[in-house]
Amino acid sequence: AAGYDGVELWIKDIHDWLAGGNTPAALHSHLQEKNITVENAISFTAWLSDDEAARKTALVTLEREMVMLSAIGCHRIAAPPSGLPAGQVLDIEKASERYRETLVLGRKHGVIPLLEFWGPSPVIHNFSQALAIAAAANDSDARILPDVYHLFRGGSGFESLSLVSGHVIDIIHMNDYPAGIPIAALTDADRVYPGDGAAPYRKILSALKKMGGPKTLSLELFNKQYWSQDPLAVARTGLQKMQKLVAEVMA
């Protein structure tokens, strides 16, 4: 109703829906009727954990999620640095091996894991770290899932986007951050509509355009002020603001 042609679903929401007696096939049919593509799914498995037992359990969970996503026509799943303790030191070689393992698993089911980094993460907070892991994985299916807020919050900046091309980035999370708040003090709840903050969107979108390949721009906001408003109005406003920014760059 808001005008979108795609959505990112959270794994927990899918599980909750299925728990109500629904089926993946029914969800797939519903999405097709609405002409909505599930571009990606938000997952939080501890695939990167140094705890071997926890990691094996996470991979079993991840495969189950992939099977479920394949049944609803979703071909991507987020692979974020969730569940990692603050004291864990990033080992690029280990991380790349573990990411490659998720890619091998994903190919079995046609669901590719997107390597995600989080600005406040104590382990993977920067685009350069994600890029190093993806490169070391030495796998043609390696993908990175950036987020405008996290690019700023983790100190990546935006010039780094020009270092990659084509399919390395399929999806980017669209949001903005207000000026005047120290980086370390920013939280997810501070995210605002794209274009309403200080993010250099002309530079960001121009870099995405130049790198080539199709791109999905996915609105992701955790602003409680928006949550208190009408969901349809918020969804429409976000889409309109993204379309305006894209039109300015494509002109």
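## Close-up views of a predicted model

**View 1. Helix 3 has the length expected of its residues.** At 1.5 Å a residue, the 20 residues of helix 3 should span 28 Å. The end C-alpha atoms of helix 3 are 29 Å apart, so the two values agree. The model shown here, and in every view below, is predicted. Helix 3 covers residues 52–71. Its N-terminal end is capped by Asp51. There, a side-chain oxygen of Asp51 lies 3.1 Å from the backbone nitrogen of Ala53. Just after helix 3 comes Gly73, with a positive phi of about 85 degrees.

**View 2. Helix 3 lies across two strands.** The strands are strand 3 and strand 4. Helix 3 runs at about 155 degrees to strand 3. Which residues of helix 3 are buried? They are Arg55, Ala58, Leu59, Leu62, Glu65, Met66, Met68 and Leu69. The cover over these buried residues includes helix 1 (11–19), strand 2 and helix 4 (92–109). Strand 3 and strand 4 are also among the elements that cover them.

**View 3. Three strands form an open sheet.** The strand order is 3-4-5, and the pairing is parallel. Strand 3 (76–79) and strand 5 (144–145) are the edge strands. Each of these two pairs on one side only. Strands of a sheet pair through backbone hydrogen bonds, either parallel or antiparallel. How many bridges join strand 3 to strand 4? Four bridges do, and the two strands run parallel. Strand 4 (residues 112–116) and strand 5 also pair in the parallel sense, over two bridges. Leu115 of strand 4 is a good residue to find in this view. Ala79 stands opposite Leu115. In strand 5, Ile144 is the bridge partner of Leu115.

**View 4. Strand 4 is covered on both faces.** Ile112, Leu114 and Glu116 are buried on one side. Pro113 and Leu115 are buried on the other. Five of the five residues of strand 4 are buried, so the strand is largely enclosed by the rest of the structure.

**View 5. The largest nonpolar core has 60 residues.** Leu69 and Ile204 have the most contacts inside this core. Leu69 is also one of the buried residues of helix 3. Which helix gives the most to the core? Helix 7 (residues 201–211) does, with six residues. In soluble globular proteins, nonpolar side chains tend to be buried together. Ile204 is in contact with Val148, Phe158, Leu161, Ile172 and Ala199, leaving aside its neighbours within four places in sequence. A second core of five residues is separate. Tyr193, Leu221, Tyr226 and Val234 are among its members.

**View 6. Ser82 is buried in a loop.** The loop runs between strand 3 and helix 4. Ser82 has 8% relative accessibility, so it counts as buried, the cut-off being under 20%. Which backbone oxygen lies 2.9 Å from a polar atom of the Ser82 side chain? It is the oxygen of Phe44. The backbone oxygen of Thr45 lies 3.2 Å from a polar atom of the Ser82 side chain. Leaving aside neighbours within four places in sequence, Ser82 is in contact with Phe44, Thr45, Ala46 and Trp118.

**View 7. Two asparagines have a positive phi.** Asn35 has a phi of about 55 degrees, although it is not a glycine. Asn35 sits in the loop between helix 2 (24–33) and strand 2 (37–42). Is Asn35 buried or exposed? With 61% relative accessibility, Asn35 counts as exposed, because the cut-off is over 50%. Asn138 is not a glycine either, and its positive phi is about 50 degrees. The loop that holds Asn138 lies between helix 5 (127–137) and strand 5. Asn138 has 70% relative accessibility, so it too counts as exposed.

**View 8. Glu97 and Ser29 are 36 Å apart in space.** That distance runs from C-alpha to C-alpha. In sequence, the two residues are 68 residues apart. Glu97 lies in helix 4. Its relative accessible area is 40%, so Glu97 is partly exposed.

Technical notes. Residues numbered from 1 in each chain as written. Predicted model: local features only at pLDDT ≥ 70, side-chain atom pairs only at ≥ 80, totals over all residues. Heavy atoms only, no water. Pairing = 2+ DSSP bridges. Contact = heavy atoms within 4.5 Å. Axes fitted to C-alpha atoms, helices over the stretch in contact; angles between N-to-C directions. Buried < 20%, exposed > 50% of the residue type's maximum accessible area, 1.4 Å probe, protein only. Core = buried A, V, L, I, M, F, W, Y, C linked by side-chain atoms within 4.5 Å. Expected span 1.5 Å × (residues − 1). Polar contact = N/O pair within 3.5 Å; in protein donor to acceptor, adjacent residues only side chain to side chain.
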